[in-house]
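Me: I'd like a close look at a single part of this one, please. Walk me through it residue by residue, and keep it informal.

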Amino acid sequence: MDFFDKLGETISTKGREVTDKAKDMAEVASLKGQIHNCEDIIKKRYIELGRIYYEKHGSTPEEEYADACRDIENAQNSIVDIESRIKEIKGI
């Protein structure tokens, strides 16, 4: 019977280890989800800060922001041009 007792104990121990590992993995996944949520908030706020800055200072940005503001303005002008071209093609 000693063999079966040890076998049962080993199975129980391994079962607990697997259960503990599964709990740890679930907790890690949950924590990674929380990190992802925090990163999303940070990205959204960075975007919002940039938009607010551009709206207030886009036409006269500080030197370190001049290139970015110019790129935004150029992209906006390109969008207008492309939309006009689309209207021409559609005959609008």
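What follows is my request in full, then one long reply.

Could you zoom in on helix H1 (residues 2-57)? Which residues make the nonpolar surface patch, which side chains meet in salt bridges, and which residues form the aromatic pair?

Reply: Sure. One thing up front: this is a predicted model, and every value below is computed from it.

Let's start with the patch. Ile-42, Tyr-46 and Leu-49 make a nonpolar surface patch of about 360 Å². Ile-42 is found in helix H1, which covers residues 2-57. With a relative accessibility of 45%, Ile-42 counts as partly exposed, because that class runs between the 20% and 50% cut-offs. Another nonpolar residue of helix H1 is Val-18. Val-18 reaches 58% relative accessibility, so it counts as exposed. If you want a feel for distances, take Val-18 and Val-80: they are 62 residues apart along the chain, and their C-alpha atoms are separated by 59 Å.

Now the charges. Side chains of opposite charge can pair when their charged atoms come close. The structure holds 4 salt bridges, and here are some of them. In helix H1, the side chains of Arg-45 and Glu-48 meet at 2.5 Å, N to O. These two lie 3 residues apart, about one turn of the helix. Both partners count as partly exposed: Arg-45 has 49% relative accessibility, and Glu-48 has 30%.

Further along helix H1, Arg-51 and Glu-55 form a salt bridge at 3.1 Å, N to O. They are 4 residues apart in the helix, so about one helical turn separates them. Arg-51, at 42% relative accessibility, counts as partly exposed, while Glu-55 is exposed, with a relative accessible area of 57%. That Glu-55 value is over the 50% cut-off, which is why the label changes.

Next, the aromatic contact. A search of the whole structure finds 1 aromatic pair. Tyr-53 and Tyr-65 form that pair, with 4.8 Å centre to centre and 50 degrees between the planes, and it is classed as tilted. The reason for that class is simple: 50 degrees is neither under 30, which would be stacked, nor over 60, which would be edge-to-face. The pair links distant parts of the chain, with Tyr-53 in helix H1 and Tyr-65 in helix H2 (residues 63-90), 12 residues apart. What about cover for the two rings' residues? Tyr-53 counts as buried, at 19% relative accessibility, whereas Tyr-65 is partly exposed, with a relative accessible area of 35%. Note that buried means under 20%, so Tyr-53 at 19% does meet that cut-off.

Ile-52 also lies in helix H1. Ile-52 counts as partly exposed, at 33% relative accessibility. Ile-52 and Cys-69 are 17 residues apart in sequence, and 12 Å separates them in space, C-alpha to C-alpha. Cys-69 counts as buried, at 5% relative accessibility. The other cysteine to mention is Cys-38, which is partly exposed at 46%. As for disulfides, a search of the whole structure finds 0.

Since the aromatic pair takes us into helix H2, a few words on that helix as well. At 1.5 Å a residue, the 28 residues of H2 should span 40 Å, and its end C-alpha atoms are 41 Å apart, which agrees. H2 has a salt bridge too: the side chains of Arg-70 and Asp-67 meet at 2.2 Å, N to O. Arg-70 and Asp-67 are 3 residues apart, about one turn of the helix. Both count as partly exposed, Arg-70 at 43% relative accessibility and Asp-67 at 49%. Just after H2 comes Gly-91, with a positive phi of about 75 degrees.

To pull the H1 view together: Ile-42 belongs to the nonpolar patch with Tyr-46 and Leu-49, Arg-45 is bridged to Glu-48, Arg-51 is bridged to Glu-55, and Tyr-53 pairs with Tyr-65 of helix H2.

Technical notes. Residues numbered from 1 in each chain as written. Predicted model: local features only at pLDDT ≥ 70, side-chain atom pairs only at ≥ 80, totals over all residues. Heavy atoms only, no water. Disulfide = S-S within 2.5 Å. Buried < 20%, exposed > 50% of the residue type's maximum accessible area, 1.4 Å probe, protein only. Patch = residues over 30% accessible without salt bridge, like charges linked within 9 Å, V, L, I, M, F, W, Y side chains within 5 Å. Areas by Shrake-Rupley, 256 points an atom, 1.4 Å probe, with all protein chains shown as cover. Phe/Tyr/Trp six-rings, centres within 6.5 Å; stacked < 30°, edge-to-face > 60°. Expected span 1.5 Å × (residues − 1).
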